[in-house]
Amino acid sequence: MSISRFTSFLLFYTTILAYAQPNESGGSVESQISALMNEGALLNEQGEFDRAEAKFNEVLTLAITNDNIPQVINALINLGHAYFNQSKNEEALYAYMKAMVIAEQDGTPTQIGTLHNSIGNVYFKQGLMDNALEHYLLSIEIRTNSNNIKGLSSCYNGIGAIYVKKEDYDKAENYFIKSLEYKIAFLDSTGIASSNKNLGSVYYKQGKYDLALMKYMNSLSIEKRLDIKSKMPSSYYNIGITYYAMDMYDPAIAYIDSSLSIAEEIGYTKGILQANQALSEVYENMNNKDKALSYYKQYVKVKDSIQLTRNQDALVAIETKYEIERAKQETQLLNHQVKIKSLELSRNKNILIATITTFSLLLLMAYLFYRNKRLSSKKKLVELDQQLLRAQINPHFLFNSLNSIQNYFLNNESKKANKYLSEFSILMRQILDSSSTTMHSIQEELDFTKRYLNLEQARLVDKFDYEIEVDEKMDVTNTLIPALIFQPFVENSIWHGISPLNSRGLVELQLIKEQDEIKCIIKDNGIGFKQSKKSFHESKGLKITEDRVKNMYSSRPKDLKLNISTIIKDGDVKGTIVSFSIPIEYKKLRNEKK
């Protein structure tokens with residue numbers, strides 16, 4: 001949602017009038033800004049991110065009103081930190097980018113170096129390692145030239161984390177040690193705790209559990225001494241899963257439970273999620289099924305609550321806030337330039353009006369240019385994703401589903417329409433979510449397939465039934481399979497096998513555990529493979545699915561073999577059967593012991 005041209009100009013002229021008002025508070029404004037900034041920083045350290053965010057917004061308002069550009073930059077940087085600590089990555093990146101635009105003109109090398117490092121942190125969290133590395137290296141260059149040795153430690157820390165992701169643990173250890181040395185030299189207690197934690201993660205990955213415990217304990221000791229609650233959940237959790245890796249279940253439970261308690265106290269959702277999952281797994285290994293199930297239910301409940309917050313209304317609200325805040329910031333920056341220009345030229349009313357008009361037009365042009373450039377970049381990203389999304393579901397299904405929804409409304413069947421629309425929306429969300437991952441659990445795959453089949457049943461008005469049979473020996477929750485692997489085959493059964501029938505059809509999905517493989521069978525009682533062969537050959541979904549799974553398991557000695565055949569009974573065609581086998585793969589919390 002874009003801010004209207006009228007609103008943009010209204011914000012601009014309102015701010016221009018505000019500059020004409022005298023500053024009654026005088027020199028006390030600077031001290032007020034400093035006090036608010038310190039309060040926000042303390043709240044951020046204590047994990048009270050909402051309150052910290054509010055303080056930094058107050059600083060930003062005061063700094064803009066009083067034309068204090070250095071503090072505008074500092075407020076945006078700290079606001080970005082508050083967002084980042086709440087995993088609001090998009091808002092954090094936008095705050096840092098706004099600060100960068102101002103800092104490149106009126107900021108200091110220290111501020112610019114900090115911003116590059118912070119932007120690198122956001123990209124790292126989003127999994128964009130190359131982008132993160134680019135900004136960390138820019139930060140190192142700026143901080144080296146300005147002799148900001150203290151700031152370099154954060155850059156080396158970030159690069160070390162990238163090498164952990166790349167599983168190059170020797171390089172990661174070297175960068176983390178270099179970061180720790182700088183932090184020790186400057187007696188940066190918080191930084192020392194962070195570096196110890198990072199080194200602990202490297203040793204944990206390498207199976208050096210004693211060294212990992214020592215580093216994690218050092219980190220926790222500092223965090224407890226400084227009362228940094230926002231960092232404690234991860235330290236307790238790391239110590240707990242390390243004890244778990246060493247088969248020391250009692251201390252593992254004690255530390256993970258402490259992690260959960262503090263995470264719940266400060267509202268750290270990610271910490272609550274991973275602690276419940278870990279406790280469930282520990283108790284399961286101890287054969288305490290009741291507690292394992294209890295913590296697993298809590299894990300699912302938290303995970304579901306996170307998913308529920310990602311709805312369209314929230315997205316629209318965020319986007320609206322994003323656009324309004326951007327327009328305000330651009331307008332405020334322009335006001336600063338107008339004020340300087342007006343003082344240089346004169347206080348002549350006609351010249352001021354002409355200057356305001358000129359800069360208003362420049363603002364509009366800059367906004368449109370930036371918006372078009374952003375839309376162009378977004379279009380390129382969408383084009384890259386479209387090929388995958390097209391293969392995941394037939395466009396005819398989308399068109400017909402929307403027609404079904406429309407017909408329900410036209411026939412005043414609002415309850416059916418709302419139910420169908422709700423299921424359809426959830427299905428679309430699952431498709432979008434699956435585009436960012438290659439594997440998910442069998443249970444998630446079955447939920448998606450059932451939802452798709454239910455929608456097709458409703459749309460085709462009882463044209464077919466379906467049955468799903470899963471081997472009881474299979475752990476559907478922790479066994480992983482390629483995302484959306486069944487949908488193209490089920491779709492072909494419905495569209496090309498059952499749809500032409502004059503009688504009621506049946507689609508059957510069967511999963512059988514065979515040693516280290518899962519045998520998948522999709523069967524229908526449609527018109528048969530020979531009659532629908534042309535449709536099968538033209539189905540891009542089947543071909544892409546087959547190639548995709550083959551690529552995923554290319555390192556396996558046994559290739560994926562897709563068998564499609566016609567069912568013949570008493571000389572008559574009785575349907576089509578599709579079968580293939582894929583390797584069994586399980587979710588894992590910890591590394592395998594060597």
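Visitor: In the hairpin of β4 and β5, which residue takes a positive phi?

Guide: The model discussed here is predicted. Its hairpin of β4 and β5 has 2 residues between the strands. A positive phi near 55° is found there at Gln 515.

Visitor: In which sense do β4 and β5 run, and how many bridges join them?

Guide: One pair of bridge partners is Lys 513 and, in β5, Ile 518. Taken as a whole, β4 and β5 run antiparallel, and the number of bridges joining them is 8.

Visitor: In what order do the 5 strands of the open sheet stand?

Guide: The pairing in this open sheet is mixed. For example, β4 and β5 run antiparallel, whereas β2 and β4 (residues 505-514) pair in the parallel sense. The order of the 5 strands is β2-β4-β5-β7-β6.

Visitor: Which strands stand at the edges, each with a single partner strand?

Guide: The order of the sheet runs from β2 through β4, β5 and β7 to β6. A strand at the edge has a single partner, so one side of it is left without a neighbour in the sheet. The strands in this position are β2 (464-470) and β6 (563-569).

Visitor: By what angle are neighbouring strands of this sheet turned against each other on average?

Guide: The sheet in question is the open one of 5 strands. With direction ignored, the average turn between its neighbouring strands is 20°.

Visitor: Over how many bridges do β2 and β4 pair?

Guide: Phe 464 stands opposite Gly 505 in β4, and Glu 467 stands opposite Glu 508 in that strand. The two strands pair in the parallel sense, and their bridges number 7.

Visitor: Which helix packs on the sheet, touching β2, β4 and β5?

Guide: The helix that touches β2, β4 and β5 (517-524) covers residues 442-460. Its direction makes about 170° with that of β2. The helix is α20.

Visitor: What angle does α20 make with β1 as it lies across β1 and β3?

Guide: β1 and β3 belong to an open sheet of 3 strands with the order β1-β3-β8 and antiparallel pairing. In that sheet the edge strands are β1 (439-441) and β8 (585-586), each pairing on one side only. α20 lies across β1 and β3, and its angle to β1 is about 85°.

Visitor: Which residue in β8 stands opposite Thr 479?

Guide: Strand β3 (residues 479-482) and β8 pair in the antiparallel sense over 2 bridges. The residue of β8 opposite Thr 479 is Tyr 586.

Visitor: Are α12 and α13 roughly parallel or roughly antiparallel to each other?

Guide: The axes of α12 (residues 232-245) and α13 (residues 249-266) come within 7 Å and cross at roughly 160°. Angles over 145 degrees count as roughly antiparallel. The two helices are therefore roughly antiparallel.

Visitor: How do the residues of the contact of α12 with α13 divide into nonpolar, polar and charged?

Guide: α12 passes α13 in a left-handed crossing. Among the residues making the contact are Tyr 236, Tyr 243 and Tyr 244 of α12 and Tyr 255, Ile 256 and Ile 262 of α13. The contact divides into 16 nonpolar, 3 polar and no charged.

Visitor: What is the division by class in the contact of α6 with α7?

Guide: The axes of α6 (residues 109-125) and α7 (residues 129-145) come within 8 Å and cross at roughly 165°, and the helices are therefore roughly antiparallel. The residues that meet include Ile 112, His 116 and Phe 124 in α6 and His 135, Leu 138 and Arg 143 in α7. By class, the contact has 10 nonpolar, 9 polar and 1 charged.

Visitor: Is α2 roughly parallel or roughly antiparallel to α4?

Guide: α2 (residues 28-45) and α4 (residues 69-85) pack with their axes 11 Å apart and at an angle of about 15°. Angles under 35 degrees count as roughly parallel. The relation of α2 to α4 is thus roughly parallel.

Visitor: How many nonpolar, polar and charged residues has the contact of α2 with α4?

Guide: Glu 30, Ile 33, Met 37 and Asn 44 in α2 meet residues of α4 that include Asn 74, Asn 78 and His 81. By class, the contact has 4 nonpolar, 6 polar and 1 charged.

Visitor: How many residues apart in sequence are the parts that the pair of Tyr 163 and Tyr 175 ties together?

Guide: The two rings are stacked, at 5.7 Å centre to centre with 15° between the planes. Tyr 163 lies in α8 (residues 149-165) and Tyr 175 in α9 (residues 169-185), so the pair links parts whose separation in sequence, in residues, is 12.

Methods: Residues are numbered from 1 along each chain as its sequence is written. This is a predicted model: local features need pLDDT of at least 70, side-chain atom pairs count only at pLDDT 80 or more; totals for chains, interfaces and linings use all residues. Side-chain values use heavy atoms; hydrogens and water are left out. Two strands pair if DSSP finds at least two bridges between them. Helices (H or I, at least four residues) and strands (E, at least two) are DSSP runs, numbered from the N terminus. Axes are lines fitted to C-alpha atoms, for helices over the stretch in contact, and angles run from 0 to 180 degrees between N-to-C directions. Contact means heavy atoms within 4.5 Å. Angles under 35 degrees count as roughly parallel, over 145 as roughly antiparallel, 65 to 115 as roughly perpendicular and the rest as oblique. A crossing is left-handed if the near helix is turned anticlockwise from the far one by less than a right angle, and right-handed if clockwise. Ala, Val, Leu, Ile, Met, Phe, Trp, Tyr, Cys and Pro count as nonpolar, Asp, Glu, Lys and Arg as charged, and the others, Gly among them, as polar. Rings of Phe, Tyr and Trp (its six-membered ring) pair if their centres lie within 6.5 Å; planes under 30 degrees apart count as stacked, over 60 as edge-to-face and the rest as tilted.
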